[in-house]
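Student: I am new to this structure and would like to look closely at a single part of it. Please take me through that part slowly and then show me how it sits among its surroundings.

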Amino acid sequence: MYQRNDNYFSEVNLENGYWAGFIAADGCVYRNNLRIELSSKDYSHLQKFANAVNWGGKLREFSRESFGAERGFCQLSISSSQILADLKRNFNITHNKTEFGKPPVLASPYLE
């Protein structure tokens, strides 16, 4: 098990709201893991997320055939029941994103 901040999504704020939206778009909850898989060209962005949650592991890099060509990918998989519970409670992110609910309302002086 790798180090991570299990409480990162416990209290809604602008930063974790951004990352929750990122997860809603490009991630998934799979077998009690938070998994994000991107093209290798987006490795640095995935690393920014890993840094935000203080994840101590390395990103997995691999390639596979996609649309008739060999393509590179990077992946992060975090096993944390607390992170998954907070994503569900605060951001309505579950294993089945087709049931995705409304995003939270964030208070910000920039939105006034």
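Student: Which residues of helix H3 are buried?

Tutor: Before the answer, a word on the source: this is a predicted model, in which local features need pLDDT of at least 70 and side-chain atom pairs count only at pLDDT 80 or more, while totals for chains, interfaces and linings use all residues. Residues are numbered from 1 along each chain as its sequence is written, and side-chain values use heavy atoms, with hydrogens and water left out.

The buried residues of H3 are Ile-83, Leu-84, Asp-86, Leu-87, Asn-90 and Phe-91, where buried means under 20% relative accessible area, exposed means over 50%, and partly exposed lies in between, computed with a 1.4 Å probe on protein chains only. Seen down the axis of H3, these residues fall within an arc of 165°, so they line one face of the helix; the arc is that of the directions from the helix axis to the C-beta atoms. An α-helix has 3.6 residues a turn, so residues three or four places apart point the same way. On the face turned away from the buried side, H3 carries the exposed residues Ser-81, Lys-88 and Arg-89.

To place H3 in the whole, note that the protein has three helices and four strands, which follow the pattern α-β-β-α-β-β-α along the sequence. Helices (H or I, at least four residues) and strands (E, at least two) are DSSP runs, numbered from the N terminus. What covers the buried residues of H3 includes H1, strand E1 (27-30), E2 and E4. Leu-87, taken by itself, touches Phe-9, Ala-20, Ile-23, Leu-34, Asn-92 and Ile-93 when residues up to four places away in sequence are not counted, a contact being heavy atoms within 4.5 Å.

Leu-87 also belongs to the largest nonpolar core, where Phe-9, Phe-49 and Leu-87 touch the most other members among its 25 residues. Elements that give two or more residues to this core are H1, E2, H2, E4 and H3. A nonpolar core is a set of buried Ala, Val, Leu, Ile, Met, Phe, Trp, Tyr and Cys residues joined through side-chain atoms within 4.5 Å. In soluble globular proteins, nonpolar side chains tend to be buried together.

Asp-86 is buried, with a relative accessible area of 1%, and its side chain takes part in a salt bridge with Arg-89, the closest N and O atoms being 2.7 Å apart. A salt bridge is a side-chain nitrogen of Lys or Arg within 4 Å of a carboxyl oxygen of Asp or Glu. Both residues lie in H3 (residues 81-91), three residues apart, about one turn of the helix, and Arg-89 counts as exposed at 52% relative accessibility. A search of the whole structure finds three salt bridges, among them the one in which Arg-4 and Asp-6 meet at 2.6 Å, N to O. In that pair Arg-4 is buried at 17% relative accessible area, whereas Asp-6 counts as partly exposed at 26%.

Asp-6 leads back towards the start of H3, by way of Ser-80 in the loop between E4 and H3. The side chains of Ser-80 and Asp-6 are joined by a polar contact of 2.6 Å, that is, a pair of N or O atoms within 3.5 Å, where within protein one must be able to donate a hydrogen and the other to accept it, and residues adjacent in sequence count only if both atoms are side-chain atoms. Ser-80 counts as buried, at 3% relative accessibility, and, leaving aside its neighbours within four places in sequence, Ser-80 is in contact with Arg-4, Asp-6 and Asn-32. At the other end, just after H3, Asn-92 takes a positive phi of about 60°.

Helix H2 (residues 43-52) can be read in the same manner, its buried residues being Leu-46, Phe-49, Ala-50 and Ala-52. They cover an arc of only 165° around the axis, which puts them on the same side of H2. These buried residues pack against helix H1 (14-26), strand E2 (33-39) and strand E4 (69-78), and H2 is followed by Asn-54, whose phi is positive, near 55°.
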